[in-house]
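Me: Hi! I would like to go through the enclosed spaces and the ligand site of this model together. Could you take my questions one at a time?

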Amino acid sequence: MNSTHDRQVRYEDILAARAAIGSVVKRTPLLHSQPASGLAGADVFLKLETLQETGSFKVRGAVNRLANLSAAEQQRGVVAVSTGNHARAVSWGAQRRGVAADIYLSSLVPGNKVQAIRDLGARVNIVGRSYDEAFAEAVRESSQSGRVLIPPFDDRDVVAGQGTIGLELLEDQPQLDTVIVPLSGGGLIAGIALAVKSLRPGARIIGVSMEIGPAMYHSLRAGHPVAVEEGVTIADSLAGGIGLDNRYTFQMVRDLVDEVVLVDEEQIRSGMRFLHAHHGLVTEGAAAVGIAALQAGKIGRLGERVGVIVSGQNVDAALFASIVKSESTAGSVGGEKP
Ligand SMILES: *Cc1c(COP(=O)(O)O)cnc(C)c1O
């Protein structure tokens with residue numbers, strides 16, 4: 001990689017990203033949630049990336065990276081590896097630009113996500129039984145073909161694209177004290193943290209991961225990127241490692257994120273039920289971890305105003321139905337604190 005690619009992500013990159021992607025991606029609404037506010041004892045606002053193009057925020061970073069390809073790179077096409085949503089975002093952005101996309105997925109990616117990617121005209125390769133195995137294959141293909149690999153999180157343009165969410169958050173609610181963000185590879189939280197702390201240094205940024213295989217959480221504790229065993233979780237979009245040669249997001253998360261908390265599978269389901277019961281929202285597991293953490297009382301010192309990133313809606317319909325079916329028997333959905 002060339003050396004200009006190794007400089008850190010800057011606030012100016014996020015401003016440039018907004019200029020590059022603003023006419024393509026949606027500016028999503030920030031919804032005040034009375035029920036969640038009651039739960040948290042603070043004013044809670046939900047950032048609805050469920051309404052984003054392709055059903056998740058990933059399109060912000062993907063479109064920003066695609067916008068920065070040279071003409072020759074566009075000609076050759078791109079390669080992406082993903083737990084599902086990033087591949088869908090790259091395929092969507094590539095299709096708009098007439099760029100060919102080769103997608104590598106592991107067998108853990110749910111069928112609904114695989115189909116959505118095929119529907120966008122991308123070539124789908126299912127390889128390996130973990131994200132890391134699929135990643136290795138994508139790297140091989142990229143170096144053989146000369147096609148640019150668009151990483152799902154550890155890339156300056158991708159982080160900057162996700163950071164545009166932070167700009168929107170503070171435009172709508174300049175006084176946010178805490179922002180709660182789903183955390184996997186850390187592109188989302190790194191971009192948001194950079195934007196929010198540039199504009200409002202005192203705001204706290206909290207990451208939430210699932211208990212099954214939280215790679216960033218263990219890496220932070222170890223002081224360097226570590227591999228974790230990938231397991232099956234309802235928050236499938238949060239699965240996967242952070243890359244042992246991580247270049248951007250590990251450092252950014254270490255330096256800019258105040259706390260990382262974990263939620264278990266039942267807490268995540270409860271978060272999905274809460275958002276559906278109170279707001280009619282369809283969320284995938286990864287998108288409900290913030291509300292799950294609030295419900296479970298996992299986050300202290302919230303301050304007066306809290307932003308929660310609701311990151312995507314791409315859940316299998318039958319699975320979602322089976323989860324919300326139990327909401328009427330769950331009693332007071334807001335009252336499931338342990
Ligand atoms: C990718 C993804 C995340 C996590 O983003 P990272 O940048 O990998 O931390 C959270 N929620 C959804 C829906 C996602 O697709």
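Me: What volume of space lies in the largest cavity?
Reply: Happy to start there, keeping in mind that this is a predicted model. A search of the whole structure turns up two cavities of 30 Å³ or more. For the largest cavity, the space comes to about 290 Å³.

Me: Which residues lining the largest cavity are the closest to its centre?
Reply: The lining of this cavity is made up of 28 residues. By class they split into eleven nonpolar, 15 polar and two charged. The ones closest to the centre are F57, K58, S184, G185 and S237.

Me: Which element gives the most to that lining of the largest cavity?
Reply: Two elements give two or more residues to the lining of the largest cavity, namely α5 (85-97) and α9 (187-199). The top contribution is three residues, and the element that supplies them is α9.

Me: What takes up the space of the largest cavity?
Reply: The cavities are found on the protein atoms alone, so a bound molecule does not count as filling them. Once the molecule is put back, the space of the largest cavity turns out to be taken by the ligand.

Me: Which residues come nearest to the ligand?
Reply: There are 17 residues around the ligand. This shell consists of seven nonpolar, eight polar and two charged residues. Those that come nearest are K58, S184, G186, L188 and S311.

Me: Which residue has a polar side-chain atom 2.7 Å from an oxygen atom of the ligand?
Reply: Let's sort the polar contacts by the kind of protein atom. G186 uses a backbone N or O atom, 2.8 Å from a ligand oxygen, and G187 places a polar backbone atom 2.9 Å from an oxygen of the ligand. The side-chain contact at 2.7 Å belongs to K58.

Me: How much of the area that the ligand exposes when taken alone does the protein bury?
Reply: On its own, the ligand exposes 380 Å². With the protein around it, the buried part of that area is 98%.

Me: Lovely. Which element provides the largest share of the lining of the second largest cavity?
Reply: The second largest cavity has a volume of about 40 Å³. Its lining includes S184, M210, P214 and Y217, and by class holds seven nonpolar, four polar and no charged residues. Both β8 (204-210) and α10 (215-222) give two or more residues to the lining of this cavity. The largest share, three residues, comes from α10.

Conventions. Residues are numbered from 1 along each chain as its sequence is written. This is a predicted model: local features need pLDDT of at least 70, side-chain atom pairs count only at pLDDT 80 or more; totals for chains, interfaces and linings use all residues. Side-chain values use heavy atoms; hydrogens and water are left out. A residue is near a molecule or strand if one of its heavy atoms lies within 4 Å of it. A polar contact is a pair of N or O atoms within 3.5 Å; within protein, one must be able to donate a hydrogen and the other to accept it, and residues adjacent in sequence count only if both atoms are side-chain atoms. Accessible areas come from the Shrake-Rupley method with a 1.4 Å probe; for residues, only the protein chains shown count as cover. On a 1 Å grid over the protein atoms alone, a cavity is a set of points where a 1.4 Å probe fits but cannot get out, and a pocket is an open set with protein on both sides within 12 Å along at least five of seven lines; lining residues have an atom within 4 Å of a point. A molecule sits in a cavity or pocket if more than half of its atoms lie within 2 Å of its grid points. Ala, Val, Leu, Ile, Met, Phe, Trp, Tyr, Cys and Pro count as nonpolar, Asp, Glu, Lys and Arg as charged, and the others, Gly among them, as polar. Grid points are joined across faces, edges and corners, and a volume is the space filled by probe spheres set on the points. Helices (H or I, at least four residues) and strands (E, at least two) are DSSP runs, numbered from the N terminus.
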